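Reader: Can you walk me through this one? I'd like to start with the sheets and then poke at a few odd spots.

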Amino acid sequence: MKVLVTGGAGYIGAHVARALSARGHEPVVVDDFRRSRRGRAEGLPLEDVPLEDTAALAAVFERHEPDGVVHLGGYISVGESVREPALYWGNNLGAGASLLLAASRRPPRVVLFSSTAAVYGNAEALPIPETAPRLPVNPYGASKLAFETLLRTAGEAHGYRTAALRYFNASGAHVEWGVGEEHEPEEHLIPRVVRLLSSGRKVTLYGDDYPTPDGTCVRDYVHVDDLASAHVAVLEGDHLPPHVAFNVGTGRGFSVREVIEEVARQLGAAPEVEVLPRRPGDPPALVADPSALRAAVRWEPVRSDLAGIVASAIAWERVREGRSPSTGPR
């Protein structure tokens, strides 16, 4: 299957593209590198096209005649979305609409969308099923939810299958593929803590007064390799209903303090932690109920234990700094 992967040079997109290739599919990366790295697309067909350019995207569809699309070209920072909501509506909804308009001129068989657990907002019960109320509390989650609706409508109108994959916390790295987290600034917890503790700096923790067992936010961490395999399984799922949404997580949550402690344990560090006020838009806890995805495509998260995720993140950080993955802490 030939598959356009928008945002295919991003952290998750690069893993998805390589997982597709490993399964014998033909990924074509569509990325303009405004927030990604060209090197991640090395060895793969590439279209350097901004999603807002509908005419250029339509030409991409004409050139490649894809069977599928995996749309990962969204912005991902909760905090930035609160500070600059128009940026998120413009990209996550507006640029996504441009993609669907281009696709309508040469419809594929299936379109997958990288959505988010943030569509659920402050969930009242854990773990969270797909049927839980979708009440996002930040523009990031709201813009993703709006595109879910638009995608389903477009799929119904043009006769292609759609799926929204609601990620919980993507994490870890596939070091052998040369792909890991490299956001600037780095806002994701695990790589941020790895960098800080590796260099002997204190760790900042945003809020310790949440209604959780230790007062810090709880999240469901899923290894990016498991996330990529979920995309492949759903893309290949011709038996699935025409329009679906699936949670992608493990069903187990870890608090911010637990993550800090695990990173410190593996690095042999004694963490100094500074507690700062809560960040706007952070729900207290997000933990997936992934049973629907497991039942539908027999997917299992095989690399998503916290210790393994942290170990891969540490190995990637050493590669990023030009050291051997097996090198000990500085």
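Author: Sure, one definition before the sheets: two strands pair if DSSP finds at least two bridges between them. Strands (E, at least two residues) and helices (H or I, at least four) are DSSP runs, numbered from the N terminus. This is a predicted model, where local features need pLDDT of at least 70 and side-chain atom pairs count only at pLDDT 80 or more, while totals for chains, interfaces and linings use all residues. Residues are numbered from 1 along each chain as its sequence is written, and side-chain values use heavy atoms, with hydrogens and water left out.

Reader: Got it. What's the strand order in the 7-strand sheet?

Author: The order is β3-β2-β1-β4-β5-β6-β11, in an open sheet with parallel pairing. β3 and β11 (243-248) stand at the edges with a single partner strand each, so one side of each has no neighbour in the sheet.

Reader: What holds strands together in general?

Author: Strands of a sheet pair through backbone hydrogen bonds, either parallel or antiparallel.

Reader: OK, back to this sheet. How many bridges join β1 to β2?

Author: There are 5, and the two strands run parallel. Thr6, for example, has Val30 in β2 as its bridge partner.

Reader: And how does β4 pair with β1 and β5?

Author: β1 (residues 2-6) pairs with β4 in the parallel sense over 4 bridges, and Val5 has Val70 of β4 as its bridge partner. β4 and β5 (residues 110-116) also pair in the parallel sense, over 4 bridges. There, Gly68 stands opposite Val110 of β5.

Reader: Which way do the β4 residues point, and are they buried or exposed?

Author: Gly68 and Val70 point one way from β4 (residues 68-71), while Val69 and His71 point the other way. All of them are buried, and buried means under 20% relative accessible area, with exposed over 50% and partly exposed in between (1.4 Å probe, protein chains only).

Reader: Which strands does α1 lie across?

Author: Helix α1 (residues 11-22) lies across β1, β2, β4 and β6 (161-167), running at about 160 degrees to β2. For that angle, axes are lines fitted to C-alpha atoms, for helices over the stretch in contact, and angles run from 0 to 180 degrees between N-to-C directions.

Reader: What about the 3-strand sheet, how is that ordered?

Author: That one is open too, in the order β12-β9-β14, with mixed pairing. β12 (254-255) and β14 (285-286) are the edge strands, each with a single partner, so one side of each is left without a neighbour in the sheet. β9 (residues 218-219) and β14 pair in the parallel sense over 2 bridges, with Val218 opposite Ala285.

Reader: Switching to helices. At what angle do α8 and α10 pack?

Author: α8 (residues 256-267) and α10 (residues 306-320) pack at about 60 degrees, with their axes 10 Å apart. That makes α8 oblique to α10, because angles under 35 degrees count as roughly parallel, over 145 as roughly antiparallel, 65 to 115 as roughly perpendicular and the rest as oblique.

Reader: Which residues make the contact?

Author: On α8, Glu258, Val259, Glu262, Val263, Arg265, Gln266 and Leu267; on α10, Leu306, Ala307, Val310, Ala311, Ile314 and Arg318. Contact means heavy atoms within 4.5 Å.

Reader: Now the odd spots. Where's the cis peptide bond?

Author: The cis bond joins Leu126 and Pro127, with omega about -5 degrees. Pro127 is in the loop between β5 and α5 (139-158).

Reader: Which residues other than glycine have a positive phi?

Author: Phe33 is one of them, with phi near 65 degrees, and Glu65 has phi near 45 degrees. Most residues other than glycine have a negative phi, and most peptide bonds are trans. Phe33 lies in the loop between β2 (26-30) and β3 (46-47) and is buried at 14% relative accessible area. Glu65 lies in the loop between α2 (54-64) and β4 and is partly exposed at 46%.

Reader: What does Arg34 touch?

Author: Leaving out residues up to four places away in sequence, Arg34 touches Pro50, Leu51, Glu52, Tyr75 and Asn91. Arg34 is in the loop between β2 and β3 and counts as partly exposed at 38% relative accessibility.
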